[in-house]
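Here is a structure to read through in questions and answers, with attention to how its helices pack and which residues lie in its core.

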Amino acid sequence: ETVLMWAQGNAREALERMRTALAARPGEVTLLQKLYFAYFMQGMADKMLDVVAPVVPRYPDDSYVLGMYSFGLEETRDFARAFEFGHKARALNPTDAWSLHALAHCHYETGAFAGGVTLLNEALPQCDNVGFFRTHLTWHQALFLWEQGKNQQALAIYHHLFPGDEVML
């Protein structure tokens, strides 16, 4: 019903219905995910955090929920707590790519580029089952290298990901 509303141009009403449904049923993680990503795609970090924060106490040991929370915290610039929840999520599930992504963003936004490379070097081998999202995580790895002036290493990653695509410095 909300997807149809959205498609008919009633996105605000669709999102409000989803929020109401999640408030009534905070244990529905699938609904949480859909609402969270609707806000994510619109760049509404504060709304992402608003919808996931009340759910965290219900799922204190769920790496995916904690990873969403970590990313929401990072996007609202609460880096200390974002790191805390991202690391907690990864300790629970080292293959959780969303918490890894949250931590990658934390490292980037705080200028901890070397730490980001170390994190991704250690974690990426465990992320073979996440499809194209692994390419995005590897892009973060190249970005960290680029920020450190390690342009050739960054380009080597790029060319490995996109063979035949020439990039000139």
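Q: Are α3 and α5 roughly parallel or roughly antiparallel to each other?
A: In this predicted model, the axes of helix α3 (residues 29-41) and helix α5 (residues 63-75) come within 12 Å and cross at roughly 20°. Angles under 35 degrees count as roughly parallel, and α3 and α5 are therefore roughly parallel to each other.

Q: How many nonpolar, polar and charged residues are there in the contact of α3 with α5?
A: From α3, the residues Val29, Leu32, Gln33, Tyr36, Phe37 and Phe40 take part, and they meet Tyr64, Val65, Met68, Phe71 and Gly72 in α5. Sorted by character, the residues of this contact are nine nonpolar, two polar and no charged.

Q: Which helix gives the most to the largest nonpolar core?
A: The largest nonpolar core has 46 residues, and those with the most contacts inside it are Leu32, Tyr36 and Val52. Leu32, not counting residues up to four places away in sequence, touches Leu22, Val51, Val52, Val55, Val65 and Met68. The helix that gives the most to this core, with seven residues, is α7 (residues 97-109).

Q: Which residues does Gly27 contact, leaving aside its neighbours within four places in sequence?
A: Gly27 is found in the loop between α2 (11-24) and α3, and at 27% relative accessibility it counts as partly exposed. Its C-alpha atom is separated by 7.1 Å from that of Arg58, although the two residues are 31 residues apart along the chain. Leaving aside the neighbours within four places in sequence, the contacts of Gly27 are Arg58 and Tyr59.

Notes. Residues are numbered from 1 along each chain as its sequence is written. This is a predicted model: local features need pLDDT of at least 70, side-chain atom pairs count only at pLDDT 80 or more; totals for chains, interfaces and linings use all residues. Side-chain values use heavy atoms; hydrogens and water are left out. Axes are lines fitted to C-alpha atoms, for helices over the stretch in contact, and angles run from 0 to 180 degrees between N-to-C directions. Helices (H or I, at least four residues) and strands (E, at least two) are DSSP runs, numbered from the N terminus. Angles under 35 degrees count as roughly parallel, over 145 as roughly antiparallel, 65 to 115 as roughly perpendicular and the rest as oblique. Contact means heavy atoms within 4.5 Å. Ala, Val, Leu, Ile, Met, Phe, Trp, Tyr, Cys and Pro count as nonpolar, Asp, Glu, Lys and Arg as charged, and the others, Gly among them, as polar. Buried means under 20% relative accessible area, exposed over 50%, partly exposed in between (1.4 Å probe, protein chains only). A nonpolar core is a set of buried Ala, Val, Leu, Ile, Met, Phe, Trp, Tyr and Cys residues joined through side-chain atoms within 4.5 Å.
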